[in-house]
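Q: I'd like to learn how to read a structure like this one, feature by feature. Can we go through it together?

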Amino acid sequence: MLRVMAFVVALPLGMQGCASTQVYGGDGKAVGSSIAKPLLGKIEYSGNPEYLPRMLSADTGIENKVIFRYSYTVSYEAPNEHPLTVFNPLLMLGMSKATDTVVVIGVLDIVKEGTLLKHYEKSLVLKKDKTVFSEGETLTDMRRKGLMLVRDHIDSQLVQDRAMLAPQINAE
Amino acid sequence: MKNSRILMTLLVVVLAVTQFGCASLGKPFEPVASASSDQSVIYIYRPSSFVGGGVSYTIYSGNKAITKLYNGGYYPYVAKPGEVELWAETESKSSVTVDLKAGETKYVKGTVGVGFFVGRPNLSVVDPAVALSEIKECKLIPEEPLTDAK
């Protein structure tokens with residue numbers, strides 16, 4: 001009897017981990033917190049500055065011939081729970097009742113005098129199962145996490161390409 | 001006699017429980033005409049559903065209470081362009097953030113999910129085509145005094 005009770009108590013506790021957010025497409029190296037030698041140019045981006053790749057820096061001092069055009073899209077998929085879910089006894093054992101999905105896509109175009117120098121794109125899928133024991137992160141948290149990861153991945157690509165990009169950007 | 005009294009009591013309890021959270025809703029859905037071109041509109045709606053129908057919850061943007069979302073109701077929230085977070089809470093919190101551009105219209109759908117003691121709010125951004133087919137069945141939630149979040 002004690003074993004059964006221990007199992008019943010332990011299983012939901014163990015299943016709580018299933019409510020954590022899984023990130024797909026996030027492989028590859030992301031840049032850490034410090035960015036050295038950002039690229040200078042005119043930035044065309046109207047969103048939250050936190051989500052802008054940190055390798056891009058606004059250059060207001062000289063006439064800008066280089067434009068950094070950054071944008072992102074976020075789409076949500078949060079299906080309704082089935083009306084009969086409430087009668088599912090396995091919910092009490094930590095079974096998932098629904099899965100939320102957030103898809104984040106970041107796009108950066110580096111344009112010089114009307115010519116596209118380089119195009120960067122990164123997409124991520126974040127998924128989270130919800131149980132009666134834990135709803136996990138909210139869609140707002142998942143969106144924020146996704147946008148920060150996309151930013152870091154594009155930063156990482158810019159760091160790798162810096163040696164190739166800098167002469168093209170600075171050339172008259 | 002005793003049985004009929006028990007049945008009557010039961011009926012009153014069932015009615016009280018199922019009608020809890022119901023509100024007198026207004027007109028069927030019609031788009032807002034008054035929003036200016038430098039503003040955006042978020043239609044917050046909740047399709048009518050038997051499951052969780054008695055549960056209603058307040059929608060907040062930041063600390064400001066916007067509306068109480070009733071079963072089968074909708075509310076047009078006129079907001080400034082930018083990032084707007086909408087959230088609601090019963091025994092758990094649900095939150096969704098939308099990016100608004102000037103003159104843009106977005107749709108946020110609320111439902112009720114399974115909880116331990118009370119239904120939990122689920123908010124999500126819905127594709128306009130899907131939202132328009134669902135929201136036409138909803139009725140306007142009237143303005144009522146609400147308490148902002150602390």
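Q: Let's start with helix α2 of chain A: how far apart are its end C-alpha atoms, and what would a straight helix reach?

A: Keep in mind that this is a predicted model. The idea is to compare the end-to-end distance with 1.5 Å a residue. Here α2, residues 139-170 of chain A, has 32 residues, yet its end C-alpha atoms are only 41 Å apart, while a straight helix would reach 46 Å.

Q: Where is the kink in α2(A) centred?

A: For that, you follow the direction of the helix axis from residue to residue. In α2(A) there is a kink of about 70°, and Arg162(A) is at its centre.

Q: What comes before that helix? In what order do the elements of chain A run from the N terminus?

A: Read them off as a string: α-β-β-β-β-β-β-α. That comes to two helices and six strands for chain A.

Q: And how do I read the packing: what share of the residues of chain A count as buried?

A: Burial goes by how many neighbours a residue has, with 20 or more other C-beta atoms within 10 Å as the cut-off. In chain A, 26% of the 172 residues count as buried. Sequence separation is another handle: of contacts in chain A between residues at least 6 apart, 74% join residues at least 24 apart.

Q: Now the contact between the chains: how many residues does it take from chain A and from chain B?

A: Count each side separately: 19 residues come from chain A and 19 from chain B. On the chain A side, β4 (66-77) and α2 are the elements that give two or more residues. α2(A) gives the most, with three residues. By type, this side of chain A divides into nine nonpolar, six polar and four charged residues.

How values were computed: Residues numbered from 1 in each chain as written. Chains lettered and ligands numbered in written order. Predicted model: local features only at pLDDT ≥ 70, side-chain atom pairs only at ≥ 80, totals over all residues. Helix = DSSP H or I, 4+ residues; strand = E, 2+ residues; numbered from the N terminus. Expected span 1.5 Å × (residues − 1). Bend = angle between axes of the 7 residues up to and from the residue. Contact = placed C-beta atoms within 7 Å. Nonpolar A, V, L, I, M, F, W, Y, C, P; charged D, E, K, R; others polar. Buried ≥ 20, exposed ≤ 12 C-beta atoms within 10 Å, placed from the backbone.
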